Amino acid sequence: MAWLESKGGVYRIRFRYGGKKHLHALHTTCEREADETLARFETHARLIDQGIIDPPPDGADLGTYLVSGGKLTARPGQVVAPNRPTLRTLFDSYTRDFPREAKEANTWVTEMLHLRNLRKKLDLALLLANVTAQTLQSYIDARSKEAGKGKRKLSRKTIQKEIGTFATIWNRWAVPQGFIPTRLPTVGLNYPKGTGRPPFQTREQVERQIAQQTLSREAQQELWQCLFLTLPEVEEVLAYVRDHSSLPYVYPMFVFAAHTGARISEMRRSLRSDIDFEAKTILVREKKKDTSKRETYRTVPLTPLLEAALRSWFFKHPGGPHTFCGALGRAISIHYAMKVVKQALRASEWRVISGWHCFRHSFISNAVTRGLDQRLIDHWVGHTTEEMRRRYSHLVPKTSQDAIRSLFGAAS
């Protein structure tokens with residue numbers, strides 16, 4: 001039994017053989033080519049069942065053997081997995097043979113960073129069959145003693161992400177490729193205690209904490225990363241950028257971020273065709289909601305200020321499909337996009353804003369403060385979990401005080 005599936009637009013064959021599930025990456029985005037390969041694959045599988053083609057030998061790459069009709073036991077340059085594969089075999093195979101087109105570029109970079117740490121701490125000669133929960137626990141214990149940023153201990157979340165990458169490689173590559181039949185034993189692992197992220201706070205709250213305490217530079221930066229702007233402050237920042245920015249796309253980017261709550265990656269993916277001036281809506285192309293699809297979508301209302309900013313920008317637009325681009329019409333790189341905030345605000349009192357995410361925080365926080373329907377907020381910003389909602393379930397201090405006074409009355 002075999003079937004096609006698409007991961008990030010790249011096709012692969014899923015199939016059962018010997019009572020187990022397997023995967024064979026086709027490294028193509030062409031549906032017709034994928035269909036032809038699947039037909040050839042199924043024909044050769046039937047010929048093996050009929051005894052016309054010999055069954056695959058031990059250690060052969062099953063997908064390659066079936067596609068080639070028994071002529072190849074491995075892809076060109078591919079090392080056939082031995083009967084007793086090790087961690088080194090697994091990591092090398094994944095790095096070399098996994099179709100990179102099936103993952104976002106930044107996801108692949110993060111995985112390779114995690115894999116580098118896994119290689120340093122794990123015994124690469126260890127047989128996969130001998131990997132246990134204690135193997136993983138020893139890795140967690142060793143990593144928890146190492147320093148992270150600012151010479152602080154490595155965070156619980158970082159270690160969990162590394163184990164998560166290990167589990168992904170094991171469960172979604174090692175098992176389908178026939179390296180080992182069982183999933184990675186991650187149940188019952190103990191991680192170092194972590195600290196909750198500080199709540200989002202107004203500028204006044206952050207400045208008061210910094211004035212009252214002797215905080216390191218790193219601690220101050222962490223507080224500023226939790227900054228959210230009140231609506232008057234958002235207007236003040238946008239007015240400053242409008243009056244001081246020299247590049248025509250910068251002000252529209254700031255308004256877009258402030259009035260939609262979009263992530264910077266979503267702004268970079270935005271196309272001019274996503275802006276519907278007639279329906280007064282914006283289509284946001286997202287990646288985080290469903291990793292099995294290349295893109296999912298949500299819509300956000302087009303506010304009058306954002307409509308005016310985008311119309312003015314489109315009048316000067318150099319061409320090309322992207323909503324925000326440079327003089328040649330190419331999408332702005334992620335590295336440059338991150339610099340735009342700092343460059344636009346470096347001469348103002350708002351230089352404390354640490355990045356585009358501040359406007360997303362502010363959009364959500366102000367929507368919550370105004371008592372808007374949580375379902376609307378979730379739809380606009382793409383929230384899907386209760387943890388995300390709780391992160392923003394706070395009120396501006398004055399709003400909170402007004403609420404409690406309405407309950408108990410003002411002091412006599």
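Two strands count as paired here if DSSP finds at least two bridges between them. I start with that because the β4 and β5 hairpin sits right at this cut-off: the two strands pair in the antiparallel sense over 2 bridges. This is a predicted model, so please hear everything that follows as a description of a prediction.

Let me stay with that hairpin. There are 4 residues between β4 and β5, and Lys-280, in the turn, has a positive phi of about 60°. Lys-280 is not a glycine. Most residues other than glycine have a negative phi. Is Lys-280 buried or exposed? Neither, strictly: its relative accessibility is 36%, so it counts as partly exposed. As for the bridges, Ile-275 has Ile-282 in β5 as its partner.

The hairpin belongs to an open sheet of 3 strands, in the order β4-β5-β6, with antiparallel pairing. At the edges are β4, residues 275-276, and β6, residues 296-301, and each of them pairs on one side only. Between β5, residues 281-286, and β6 there are 6 bridges, again antiparallel. Two positions fix the register for you on screen. Leu-283 stands opposite Thr-299 in β6, and the β6 bridge partner of Glu-286 is Thr-296.

Now the sheet at the N-terminal end of the numbering. Here, too, 3 strands form an open antiparallel sheet, in the order β1-β2-β3. The edges are β1, residues 2-7, and β3, residues 20-25; each has a single partner strand, so one side of each is left without a neighbour in the sheet. From one strand to the next the twist averages 30°.

Take the β1 side. β1 and β2, which is residues 10-17, pair in the antiparallel sense over 6 bridges. Ala-2 has Phe-15 of β2 as its bridge partner, and Trp-3 stands opposite Arg-14 in β2. The hairpin has 2 residues between the strands, and Gly-8 takes a positive phi near 65° there.

On the other side, β2 and β3 also pair in the antiparallel sense, over 6 bridges. Phe-15 comes up again: its bridge partner in β3 is His-22. This hairpin has 2 residues between its strands, with Gly-18 at a positive phi near 65°. How much of β2 is buried? It is mostly covered, with 6 of its 8 residues buried.

Just beyond that sheet, in the loop between β3 and α1, is His-27. Its phi is near 55°, a positive value in a residue other than glycine. At 37% relative accessibility, His-27 counts as partly exposed.

Next, a helix pair. How do α4 and α5 pack? The angle between α4, residues 105-121, and α5, residues 133-144, is about 105°, and the axes are 10 Å apart. The two helices are therefore roughly perpendicular to each other. From α4 the contact uses Asn-117, Leu-118 and Lys-121; from α5 it uses Tyr-139, Ala-142 and Arg-143. By type, the residues of this contact are 3 nonpolar, 1 polar and 2 charged.

Last, the cores. In soluble globular proteins, nonpolar side chains tend to be buried together. The largest nonpolar core in this model has 46 residues. Which of them touch the most other members? They are Leu-229, Phe-254, Met-267, Leu-345, Ile-353, Trp-356 and Phe-359. The elements giving two or more residues to this core are α8, α9, α10, α11, β5, α12, α13 and α14. The most comes from α10, which gives 8 residues.

If you want one residue to centre the view on, try Phe-359. Leaving aside residues up to four places away in sequence, Phe-359 touches Leu-229, Val-237, Phe-254, Ala-257, Ala-258 and Ile-353.

There is also a second, separate core, of 32 residues, and among its members are Leu-87, Leu-115, Tyr-139 and Trp-170. You have met Tyr-139 already, on the α5 side of the contact with α4.

That is what I have; questions, please.

Definitions and conventions. Residues numbered from 1 in each chain as written. Predicted model: local features only at pLDDT ≥ 70, side-chain atom pairs only at ≥ 80, totals over all residues. Heavy atoms only, no water. Core = buried A, V, L, I, M, F, W, Y, C linked by side-chain atoms within 4.5 Å. Buried < 20%, exposed > 50% of the residue type's maximum accessible area, 1.4 Å probe, protein only. Contact = heavy atoms within 4.5 Å. Axes fitted to C-alpha atoms, helices over the stretch in contact; angles between N-to-C directions. Parallel < 35°, antiparallel > 145°, perpendicular 65-115°, else oblique. Nonpolar A, V, L, I, M, F, W, Y, C, P; charged D, E, K, R; others polar.
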